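Visitor: I have not seen this one before. Can you walk me through it?

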Amino acid sequence: MASPDVLIVGAGIVGAACADALSAEGLRVEVLETAFPGGGATGAAMGHLVVMDDSEAQFALTEYSRRLWTALVGHLPASCEDEAAGTLWVAADADEMEHVGRKARFYGERGVEADVLSEAELLEAEPNLRPGLAGALRVPGDRVLYPPAAARWLLERSAARGVSRRAVEAIAIGPRYVETRTGRLSAGAVVNAAGAAAPLLTPGLPIAPRKGHLVITDRYPGFCRHQLVELGYLKSAHSPTPESVAFNLQPRSTGQMLLGSSREFVGFDASINRRLLARMVGRAIEFAPAVAGLSAIRAWVGFRPATPDNLPLIGRWEETPGLFVAAGHEGLGITLAPATGRLIADAILGRASAIDPSPYAPTRRIPRAAHA
Amino acid sequence: MPETVRVLIDGRAVDAESGVTIAAAAINAGERALRTSIRGERRGVLCAMGICFECRVTVDGHPHRRACMDLVRDGMSVETRAGGTGLAMRGPGRETRSARLETVSCDVAVVGGGPAGVAAACRAAEVGRRTLLLDENLAAGGQIYRRRPDREPPPKARPWLQRLARSGAAVRNGICVFDAVREKDGWRLSASTDAGDLIVRARAVILATGARELFLPFPGWTLPGVYGAGGAQALWKTGASMRGRRALVAGSGPLLLPVASSLSRAGARVVLIAEQAPLAALTRFAGSLASSPGKLLEALRYRAAFAGAPYRSGTWVKEARGDGGLERLVLTDGAAEFEVRCDVAAVGYGLVPNVELPRLAGCAIEGDRVTADASQRSSVPDVFCAGEICGVAGLETAIAEGEIAGLAAADRWEESSEAPRLTRARARGRRRAARMDATFAPREELRALSRADTIVCRCEDVPLGRIASCGSAREAKLSTRAGMGPCQGRVCGPALRFLFGWDWDTVRPPIKPTPLGSLVSVEELA
């Protein structure tokens with residue numbers, strides 16, 4: 001068989017979206033997966049499609065990608081559990097409420113629908129939140145989906161365009177080739193979309209595994225309706241401290257409640273950190289006391305591919321000819337997958353992108369990692 | 001005379017004897033279905049032992065209560081057609097985070113109140129160790145002596161239970177251990193009850209968590225009225241009447257005969273006992289029982305009690321049929337098929353050790369059982385294992401292993417003059433168990449029973465056709481949701497191991513559905 005135009009290493013949501021975008025351009029693509037699609041961070045993720053605002057670059061990429069997702073939702077099969085839940089950024093006090101105002105202006109000026117809820121409106125929207133919270137910002141265009149099913153669907157769509165998949169473990173990447181357990185595979189270009197494992201294949205990539213816990217409950221349909229995130233979430237997400245938690249509660253289309261989030265740097269230790277899990281659940285109970293009575297049926301961990309400046313690495317990796325990187329999405333891989341696929345296709349085809357790709361260039365100057 | 005209580009089931013007033021479970025009361029009131037599955041099918045009790053979560057009902061507004069584990073209370077409202085909104089929904093047993101927290105320290109903590117756990121607790125307590133027995137059931141005795149808590153234990157169970165009462169061991173029932181953590185000087189167990197949370201600190205832990213039934217899916221096995229074999233028996237033991245029912249007992253193993261006996265005593269007419277193992281294997285087994293004639297006698301006694309119920313070997317259930325509930329079964333002996341009209345089917349293929357807690361504690365597991373040494377010590381310091389989790393080998397073995405574990409956890413095993421007797425009893429049981437495993441091994445044909453549309457994961461309603469294209473248990477979980485429901489793969493996991501050879505070995509806390517507030521409070525207390 002002739003070698004493909006592009007070899008994609010990794011069949012998580014990002015690798016799947018790259019396969020989708022590249023095959024749509026008529027390129028011959030092969031995806032290398034170690035076991036099955038979405039078995040890494042994709043399978044552990046919440047699946048919150050969310051526009052973020054902590055930097056212009058992050059906003060531009062999340063907003064672009066959410067638009068791409070929104071255009072896809074009519075095609076997604078039921079297994080993807082797509083739900084137009086919207087996000088409520090919950091403000092605990094007056095200070096945070098001021099932040100809500102700034103956030104509303106930021107979104108408004110950039111054409112993203114968002115509205116401010118008062119304390120009373122918040123309680124009416126989500127009666128299981130405790131009284132006394134200050135209010136919230138509602139972003140109705142944000143969505144929820146089931147990430148491993150979405151990754152599989154993207155790969156199936158790609159397969160219809162001729163994309164092949166190979167179950168083999170990649171052990172190194174060189175100029176226009178991938179070294180695997182069973183030999184060397186060559187291609188015109190290689191995309192490293194191996195998530196938290198990307199630096200194991202491309203040494204020097206500034207990506208570290210950032211462990212997170214999630215816990216899911218039995219079915220309580222209607223317990224909450226929006227994805228509820230505390231406004232202090234960014235403080236946790238960008239906290240330089242080794243451990244942090246934030247209130248993050250998501251209604252699944254099954255009626256189950258999915259509860260996050262925690263962050264810690266402990267390598268690839270997949271054990272449950274009971275103390276941190278308890279802090280995370282305790283934080284949720286502070287915001288929604290009735291959470292305490294919900295029956296937890298399963299807890300798990302996953303490893304976000306974190307970068308020091310909280311932006312992903314998307315584009316050409318100059319040190320290795322023919323190598324492109326699509327990794328380092330931290331907790332936003334599901335949201336950012338379609339935009340990543342487009343930027344990678346543009347980079348490989350050498351054409352302009354819909355948004356400025358330079359903030360995500362893997363070779364950009366990145367401040368030293370707080371956790372490095 | 002037992003007191004009568006009035007319970008509302010879906011708004012209908014029903015009288016029930018106090019002391020029976022909700023499941024039994026519902027069945028006695030003619031309700032075979034207790035919940036609506038996520039695809040809209042009506043479902044009834046399967047295991048009746050708190051494992052499968054098929055009998056989840058909403059009790060006084062609290063959703064997801066197991067009807068097989070909760071007793072009726074006067075004025076209780078039970079809803080079997082869940083749904084509704086979460087706004088009014090409260091969790092299992094509490095409004096908000098419980099303040100009722102307790103820490104208990106002891107020398108030896110025993111998890112599981114069956115024969116092995118009871119024997120272990122007795123031996124440890126009798127030599128002066130501060131001993132605590134934790135049991136998820138409402139009365140000690142395990143599944144073999146399962147009973148209504150308001151009833152005297154059966155005569156055979158009394159000697160050990162009376163000994164337990166005298167031993168000085170503390171006993172807590174209705175308690176679910178959901179986590180085990182190694183600490184500096186021993187172990188910490190985290191547990192939740194309806195009344196609050198509990199942390200147990202113990203220098204040594206004895207795990208005796210018993211076994212559950214092996215269910216092998218077949219078309220129609222989700223119809224209300226199709227119970228586990230032990231499940232049907234447990235229903236009777238917890239107050240269900242089978243009066244006027246036509247019952248068929250099927251599957252495999254020595255349990256089928258006592259199950260048929262129980263159903264008959266519960267008032268059913270047992271129309272057939274169908275054992276899947278071929279006659280040749282049974283004959284070899286009976287011959288090899290010469291070393292323990294008591295066992296053969298026991299089997300014959302059960303058989304005799306059933307002169308009326310035909311017993312067929314080499315025969316298995318192919319399909320259950322009915323409109324909204326079981327009406328008839330299709331059976332086969334591999335050559336011919338025949339149909340039997342019945343409204344109770346008790347179908348089980350033997351037992352699966354409950355190794356979730358030992359696995360969580362890090363104990364070495366081989367196949368489906370824990371590896372224990374001559375003193376019932378696991379591979380992990382200060383964790384002893386006894387009974388069915390070390391391999392399903394019956395009552396005497398479980399008691400012997402429990403005694404050994406209790407003595408060993410109390411540092412009295414090495415010096416014990418009883419070592420030769422207990423070691424012999426254990427060895428006898430293990431030899432017999434190995435013969436039983438060979439005799440009652442599920443036949444190949446059972447792998448082909450399920451069709452593409454046969455539900456395999458009952459929690460998430462996942463049919464075989466969707467699972468069959470996966471390559472591993474983990475892929476099946478992520479791709480199809482199989483094993484992702486509240487039973488945590490306890491029912492479909494062993495079935496998929498049988499069907500596809502998949503390991504189903506991920507265990508993380510909480511190992512049983514647990515209120516989120518309990519996860520917090522035990523850590524705050526710890």
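Guide: We can take a helix, then the contact between chains, then a sheet. This is a predicted model, in which local features need pLDDT of at least 70 and side-chain atom pairs count only at pLDDT 80 or more, while totals for chains, interfaces and linings use all residues. Residues are numbered from 1 along each chain as its sequence is written, and chains are lettered from A and ligands numbered from 1 in the order in which they are written.

Visitor: How many residues does α1 of chain A have?

Guide: Helix α1(A) covers residues 13-24, which is 12 residues. Helices (H or I, at least four residues) and strands (E, at least two) are DSSP runs, numbered from the N terminus. From first C-alpha to last, α1(A) reaches 16 Å, close to the 16 Å expected at 1.5 Å a residue; the expected span is 1.5 Å times one less than the number of residues.

Visitor: Is that helix mostly covered or exposed?

Guide: Mostly covered, with 11 of the 12 residues of α1(A) buried. Buried means 20 or more other C-beta atoms within 10 Å of the residue's own, exposed means 12 or fewer, and partly exposed is in between, with C-beta atoms placed from the backbone. Among the buried ones are A:Ile13, A:Cys18, A:Asp20 and A:Leu22.

Visitor: And what follows α1(A)?

Guide: A:Gly26, whose phi is positive, near 85°.

Visitor: Changing topic. How many residues does each chain put into the contact?

Guide: Chain B gives 35 residues and chain A gives 35. Two residues are in contact if their C-beta atoms, placed from the backbone, lie within 7 Å.

Visitor: Which element gives the largest share on the chain B side?

Guide: α14(B), with six residues. By class, that side of chain B has 15 nonpolar, 11 polar and nine charged residues. Ala, Val, Leu, Ile, Met, Phe, Trp, Tyr, Cys and Pro count as nonpolar, Asp, Glu, Lys and Arg as charged, and the others, Gly among them, as polar.

Visitor: Which strands pair across the chains?

Guide: β17 of chain A (residues 295-306) and β29(B) pair in the antiparallel sense over two bridges. Pairing needs at least two DSSP bridges. A:Ser295 stands opposite B:Pro515 in β29(B).

Visitor: What is the strand order in the open sheet of chain B?

Guide: The order is β15-β22-β16-β17-β18, five strands with parallel pairing. The edge strands are β15 (226-227) and β18 (311-312) of chain B. Five bridges join β16(B) to β22(B), and B:Ala247 stands opposite B:Val344 in β22(B).
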